[in-house]
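Hi there,

I'm passing on the structure we talked about, so that you can open it alongside this note. Please have a look at it first, then read on.

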Amino acid sequence: MKKQKTILIIGGGAAGIFAALTAKTEENDVIIIEKNKALGQKLAITGSGRCNVTNLDSKEDFFDNINTNAKFFYSAFSNFSNYDMIAYLEKIGVGVKCEGNKAYPANESAQKLVNSFIRQLENKDVKIHTGEELIDFEISDEDGKKMVSSLKTTNGKYEYKNDFDYVIIATGGLSYTINKTFKLLKQKNIKITKMYPSLTGIDTVEDYSELQGLSIQNVTVSADVGDKIYAQTSDMLFTKNGISGPCVIKLTGKISGFQDINDMKIDNCFPYKTDKKLAEKQKYITYKSKPIFIKLDFLPSISSEQLENLLFNNQKQLLKTKLSQYLPHRLCKFLLEKYDKTDVNNLKKEQKLKILQEIKEHRLQVKNYGNISSATVTKGGIDILQISPKTMNFKGIDNLYFAGECLDIDAQSGGYNLQIAFSTGYTAGLNFR
């Protein structure tokens, strides 16, 4: 005897897994179709393999860390919050440990967490099809409503009513794997917003290669872009191509969408390859036809006046020697190379001001916001104006739902993006309880 409903879930990441766990009941069949050889491959490498699964934030603090379309997420978060996630993990025997406000599995293993989720799917008798990829789907009028009427995958064809009743698409963003779903959705007149890398390093026009690998604690990184000043204070790292580290990564979460042309995309990131001719023509990204600059304050806890007194006092020491009490010697040498052997007493007022600016307002130009294929998350995706926030249903197609990173919603690092995936997946699956 046929089950009451059959739900096809396209994508076996965090959102797809939770959509399946929620949708599966005794009355429902649930099938996960995953193109990779195993479920949760991106989830298994998050947090350097430790998996910052969620956090302990209050609702207000949580929403302060959502960069795009926070209001859309209210209903999903109410259905399944960060504290609901922690309770669920404990219910299935996954211990939770906390570092500050970040929550991790007690065993600090992202892969073991994925294995625990798979066991829950198997216990619920969710059917898992790995190595199977969505190729196409058709939309037609069924019973007076627009419906997904058939799907074609690399393993065959699924027909509405015979093989499925509802479809949840949870295929993720553009990071870590080639994702052809967005191109397919666009062909079906589903609006996709521009897509950019988020939570990534910054490639700079300036050459910092001699500082590669140098980490600086407590740096303020800021950008005046989009008629607003964005700033983050945390640790920073110099890389071969520019800057990275926690404060830089969080800053890109706020500003990476501010660019006129995304030189990593062809046809709105489908597929995401570098347009070499465009890259040669465009030496750096712009916003409203202007270059984008970042400022670094290497000593945010010391005012400019205090720093001036520290550097330009009467002590007979080289400037870099005085500054090295507060910053790594290699950075001091880099910043003050022009004044290496200059007598402080002979410096003009303008020179002193430039030295202070090198330390407190060090300016660099953004060449690129990293690479979308290796970014932590994707900024942009399915336009949320097409999606019901209470159900995750696609407006106008009665049996189609979306969840997870494929939606145009992104947040800062710290377990927020995973929680968005869990909550939207749960909300999509909740329709079939």
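Below is what was found, going from the domains to two helix pairs and a sheet. Please keep in mind that this is a predicted model.

Let's start with the overall layout. The protein chain is split into two parts: domain 1 covers 5–194 + 375–430, and domain 2 covers 200–370. Between the C-alpha centres of domain 1 and domain 2 there are 37 Å. Where the domains touch, 17 residues come from domain 1 and 14 residues from domain 2.

Next, a helix pair. Helix α1 (residues 14–23) packs with helix α5 (residues 110–123) at an angle of about 30 degrees, and their axes are 10 Å apart. Angles under 35 degrees count as roughly parallel, and α1 and α5 are therefore roughly parallel to each other. Their crossing is left-handed. If you would like to find the contact on screen, look for Ile17, Phe18, Ala20 and Leu21 in α1, which meet Phe117, Gln120 and Leu121 in α5. By class, this contact of α1 with α5 holds 6 nonpolar residues and 1 polar residue, with no charged residues.

The second helix pair makes a nice companion to look at. Helix α9 (residues 304–311) and helix α12 (residues 349–360) have axes that come within 11 Å and cross at roughly 120 degrees. That angle makes α9 oblique to α12. The crossing of α9 past α12 is right-handed. On the α9 side the contact has Ser304, Leu307, Glu308 and Leu311, and these meet Ile355, Leu356, Ile359 and Lys360 in α12. Sorted by class, the contact of α9 with α12 has 5 nonpolar, 1 polar and 2 charged residues.

Finally, the sheet. Here 3 strands make an open sheet, in the order β8-β9-β10, with antiparallel pairing. Which strands stand at the edges? They are β8 (134–142) and β10 (156–159); each has a single partner strand, so one side of each is left without a neighbour in the sheet. From one strand to the next, the twist averages 25 degrees. Strand β9 (residues 145–153) is joined to β10 by 4 bridges, and the two run antiparallel. To see the pairing of residues, start at lysine 152, whose bridge partner in β10 is lysine 157.

I hope this helps you find your way around. Do write back with any questions.

Best wishes

Note on methods:
Residues numbered from 1 in each chain as written. Predicted model: local features only at pLDDT ≥ 70, side-chain atom pairs only at ≥ 80, totals over all residues. Heavy atoms only, no water. Axes fitted to C-alpha atoms, helices over the stretch in contact; angles between N-to-C directions. Parallel < 35°, antiparallel > 145°, perpendicular 65-115°, else oblique. Left-handed = near helix turned anticlockwise from the far one by under 90°. Contact = heavy atoms within 4.5 Å. Nonpolar A, V, L, I, M, F, W, Y, C, P; charged D, E, K, R; others polar. Pairing = 2+ DSSP bridges. Domains from an automatic or database assignment.
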